[in-house]
Each structure stands twice: as structure tokens, then as C-alpha cells.
Amino acid sequence: MSIHIVALGSECPGGIGLGEEIMGQGQLQGGLLWSYLGHGALVGPCDLESSIHNPAFMEYTSRVFGDVTVVVRDCPSWDLLDSDWASVRKVLEQADILVIKYSVTDKLAFQQVRNSYAPRLRPLLRHWGVPVILVAVGARLNDEGPPCTCPLCASDWSSCVPHSEGLQLSRDLGATYLELPSLNHVFVGRYFGSVLEYFMIQCLKHKAKERPEKRRGNKVNELCPPHLEQPARLPPIRVEESSFSQDMQWLLERGMQFADVAFYAGDSGKELGWAHAAVLCAVSPYFRQLLLGHKTRERPQSRCVCREREGGPQSLLSTWDGGIIDDMPRSEGHLTGRLSRLVVKDPLLCMCLWETLMFIYRGAWEWDHLQEALEEKLKNSLAVAQLMERIRSLIGRDRGPRDTPSARAAQLGPQTLVNLFNSPLYSDVIFMVQGSVLPAHRAVLVARCDVMAAMFSGKYAEARSRVVPIHGVSSDTFLSFLEYLYTDSCCPASVLQAMAVLVCAEMYQVKRLQHLCEVCVCAYLQSMPSRELSSTGISVIRLLRRAKCHNAEQLYVWLLHFISNNYLIFSHKPDFLELSEEEREQVERLRWPSRGYLQELSEYQHRRRKLRKSRCIVM
């Protein structure tokens, strides 16, 4: 076999221009590739039939790795690409490896290559997939002392090619970049030679694969094992996008019957809107101190500097002079509650209270949307900037160096209600589950679950009672269900717990939680190795029955495919007979390995044993 190497450019300063005489053998012996090939190189056109001769290229051949012929075509003049591009392209098409050389002390020639010739070569090299080696030869000059070989030295960038520019050109061409301070045996043999030999070996391997395989006569009748197809891909489990922000927005817009905070204008006393103390206290430490000040003995603190100068921390909001009204009348069929009345003293916050509450309820992270809403309403950039700072003081978030939208979304978002989960703070309902007391908040439950909304909004006993018993569900399962409602996430610890939460989610018609549990079950089963899957006490067939019973259609289909892909494991278990006739037909149709493969494998093994017995014992 042979390897064709094409070299472009000159490693000497100045190079050779168009019309100048091509270098002779004496000049050639000082070149990069000649120095690597050594005394075994022969100048002259090669004798290969497929080779194309071009007088503009200096051709010479050598042998490497014993019997591999290396054909080198060296063209030191870049002007040939302008005068005879068609012939240069024919030579490049035959190249197995391309070497581009330049001198680090000839910056003008390098800029010409980078700006004119590299863009012309780049699409061809990417199309052909030819490996490229970009070599910078020479030492950078330093006016204050001896030549500097440091790639980071910037004292001679005006006259020499910097390391960074050569590296960038190599990235543009997809080339391997080398710097050789001189053409001695160390740099040429150890550095350049190692890289060139690596690409030559890869080229030989690629050509060996393309050669037709030589088949020996005694292998024609040799038995070939049957081909085993890959198992069918398991169907994906699709999960709906989170509706946490939309649910909380619905609570602010339509959940007035569960509201316990009223806002009034400080100048006119006009009612501005309603809200829910649990949500406000969960999102904002300012509201938590303001509404719970009589319990925590703390005064609300605002970190808005401009407002503190005007009238202290209470310049934004304050409680009504009458304080908190207990036994607030509710609509028919609902519990009486307490109403906290807050006075909005800041005129800007008074004008944009609805936009501020919407921002808080949706997770307190959509700062860009809030700013757009404020700009549309106020029509004053200075007022918008002031109000944004005051809202940050309410939320307790100061603008810092990492105050980016992604960082704010990671901090808050669906995690705004995590402090309310299983917390008695502003709790207005208690679930009794297997003797466990689980506090909750009606406003959050109504916004996140339609069944809970019907239960607490209609004329049911749960709507008038503070204590609600839950039957048929364990305390851990119901606690995981509540955790999803508050945090929009679910992480069951096992397959059985995931199935229990799935049943609870189906009971309360929370589809997204049901699909999340399906994903957890699939992930747990798929992570089990075959040995553990065959010895585990978890019955996948019974999981299939429960999935069908509780309308988990995606999990039901996935488990059928999972049983089919692990047919040899599940077919030997006693509960395999519990499958219905239709399910068993589908499993048999999708089973892996298939019946045909097992039959071919049995015949192959039988013929192998028969052939082994018929062979000569001595041989």
C-alpha cells in the first residue's frame, strides 16, 4: 500500500513566488518532510499508476514501516492556487494527508494564507475528510536578546506570527497544530514525526478495511451463528409541562373565597385587592414579619434604601389601625376566618399592586415580564426602576453580581411554597391519615387539585370542617402527594411507593403527578440488572394489573414491552400465567429473543456438535 502526502507552503521566510525556480535537491534536503524521511528519500515522480504528476510540485518517495510507500508532493508557492487551481485540486484529491507549513517570521505570507487560501481550502477539506497538519517553523525574534520560543511572548508580534493566530487558523481548518523552533532531529523526529506517523497508521487502517477480505477455502462451508436482533425500544413516558404558575395565577384571580388579606389605598382608603397570607408569607420575608409581627415580636424590615430615607421600613405597607379582624364572615358553607387588612402607603406600589401580586403568585422569578408590565402601565422608566427596587425589598432579593434570570428561577419558581409544606403556618385544614396529623392550606390545595377544589368549595362536610380524615391511603403516600402540590416535584424512594403515589394521584385526578410516578417506576425497573430482576420480590405482572386498574395507560404499555424484552426472565415466574390471553399474545409477538432465533440457535448448536464429532481426533 501507499500513502500520498501533499505539502503546501514554505518553512523558509519569503518562500517562492510565481515564476521563480522551484527548489532543487540541495534546497529540498533542508525541508521539513525531507528531514523526517531521511536519506531513504528518492527525488523524482513515483511509478504508481493512479498518481498524477504536476511539474509545479517537487515529488519524492520513500518507504516507512518496512514496505509502505510514501509519495510526497511538495509545493512551496501558494501562488500556484491562483494560476493553476484545477491541477492543484486534482493533486489534493489524491492526498491522504495534507501538511501546511509557514514560517513564524514571515507574517505577511501567513496573513495571505489565512485570508485568501484557507477559505478556499476549508470546504474541500471538510468534504474529503483529509487529516491536516499545520506546522509553524522557526523561532520568534526578540530585539532585546536571543530568539524567544515561548508561545506567550508578545514582544515581537508586530513582525512574527503569534501563537494564538496560528492556533486559530488550525481550528478553522480542523488541523493539528505544531510549532517547531528548528528543523533538527529532536523537533522533526519526535514531535512532527509522531503526529505524522499517527495519521499514516490511521490511513493504513482505513485502507485495509476497504480492501476485499481474502477468504480461505476451508471457511466457505464453516457454520455461522444466527444473527440476534436488538430488542425493541421501550415506548417513552410523556409528562405534561408544569402548570404551577398558572395554578397560582388562578388562585389570585378566582380564589377570593379563601383569601384572608385585604389591601387598601393609604390616601383614599379604597380597597385594592385580596390575597392569601400563606402565599405571601411563603414568598416574602417582609410579609411574614408584617403579618406575624404580633407573634414573632419583629418589625418588618425593608431593604429598599430610597424608601428607608423617606419614612423607615414601614413606608411601603402597614397594618390597618384596627389590626386583624377575627371571625370574618364567609360565604355559605365555609368556615369563618381572620382577615388581615394592609394599607399600601407607597403610591407606585398602590398603582401596580395587581402586577406585583401576580409576580409573587407566579413564583417571584419572572422579573422581565414584571418590568414589561410596569413599563406598559407607568410609562416612566425612572418610576419603573424605583418600583422594581421596592418590589425586590418586598421579596427580600437584592440585585447582586449573579442576579440573572436563570439564577432567580433556580432560587424561587415552584419552590416558593416549600416553606408551607407540612407547616402549621396559616394552616386552615388538618388531614388525619392513619393517626398522623398533616397540616395544609385550602388555598394551595384548591389551586393545585380539581378534586380538592370541589371538595372544599361545594356543600360537603370537608368544606365546613377543619379536620378532614383520609381513608385508604398511607400517611407517607399522602404526604408525598401533598409535597407535589406544594413543590411541583415528586421523588418516591422505591417502586412500591411510586405505585402507591400513582394510585393516590389517580384518586385525586392529578394527571401530571401520575405520569411522574410512571417515569419513576420505569426508571427503577430499567436500572435493575437481570440477576436482580429475576430474584426480586416485586411482581412486574401485578404492577401491570395495577397500572391497568388505575388508568396508567402509558405505564401499562411500557410494562408489556418490558416483559417482552425480558421474556426469558418473566416467562419462568408463576405469576406469568396471570396475564390475559390478549396480553400474552402481545408479549409473544414482541418477545426477545424471538422464537425463530431460538430455533435457529438450537439448530446451529446441534450442527456444531455433530461437526465436532465428525472431525479427526488427532487433527
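**A tour of charged residues**

Begin at helix H16 (residues 381-395) and select Glu389 and Arg392; because the two residues are three residues apart in this helix, about one helical turn separates them. The model on display is a predicted one. Glu389 and Arg392 form a salt bridge, and their closest N and O atoms are 3.2 Å apart. Colour the pair by accessibility next: Glu389 is partly exposed, with a relative accessible area of 38%, whereas Arg392 is buried, with a relative accessible area of 5%.

Next, select Arg448 and Asp488. A salt bridge joins Arg448 to Asp488, with the closest N and O atoms 2.8 Å apart. This pair links distant parts of the chain, since its members are 40 residues apart: Arg448 belongs to helix H18 (residues 442-448), and Asp488 to the loop between helix H21 (475-487) and helix H22 (495-507). Are Arg448 and Asp488 buried or exposed? Both residues are buried. Now add Asp247 and Arg512 to the selection; together with Arg448 and Asp488, these residues are linked in a network of salt bridges. In total, the structure holds 17 salt bridges.

Move then to helix H4 and select Arg89 and Glu93, which lie four residues apart in that helix, about one turn. Glu93 forms a salt bridge with Arg89, and the closest N and O atoms are 3.7 Å apart. Both partners can be inspected for accessibility: Glu93 is partly exposed, with a relative accessible area of 47%, and Arg89 is partly exposed as well, with a relative accessible area of 35%.

From helix H4 (85-93), follow the chain into the loop that leads to strand S5 (97-103), and select Asp96, which is placed in this loop. Asp96 has a relative accessible area of 17% and is therefore buried, the cut-off for buried being under 20%. Which residues does Asp96 touch, not counting residues up to four places away in sequence? Display Ser2, Ile3 and His4, then Val130 and Pro131, and lastly Cys203 and Lys207: Asp96 touches each of these.

For the final stop, switch to a surface representation and select Asp368, Glu372, Glu375 and Glu376. These residues gather in a patch of negative charge on the surface. To place the patch on the fold, return to the ribbon and locate Glu372, which lies in helix H15 (residues 367-378).

Terms used. Residues are numbered from 1 along each chain as its sequence is written. This is a predicted model: local features need pLDDT of at least 70, side-chain atom pairs count only at pLDDT 80 or more; totals for chains, interfaces and linings use all residues. Side-chain values use heavy atoms; hydrogens and water are left out. Buried means under 20% relative accessible area, exposed over 50%, partly exposed in between (1.4 Å probe, protein chains only). Contact means heavy atoms within 4.5 Å. Patches are made of residues with over 30% relative accessible area and no salt bridge: like charges are joined within 9 Å, nonpolar side chains (Val, Leu, Ile, Met, Phe, Trp, Tyr) within 5 Å. Accessible areas come from the Shrake-Rupley method with a 1.4 Å probe; for residues, only the protein chains shown count as cover. A salt bridge is a side-chain nitrogen of Lys or Arg within 4 Å of a carboxyl oxygen of Asp or Glu. Lys and Arg count as positive and Asp and Glu as negative; His and the chain ends are not counted. The place of a charge is taken as NZ of Lys, CZ of Arg, CG of Asp or CD of Glu.
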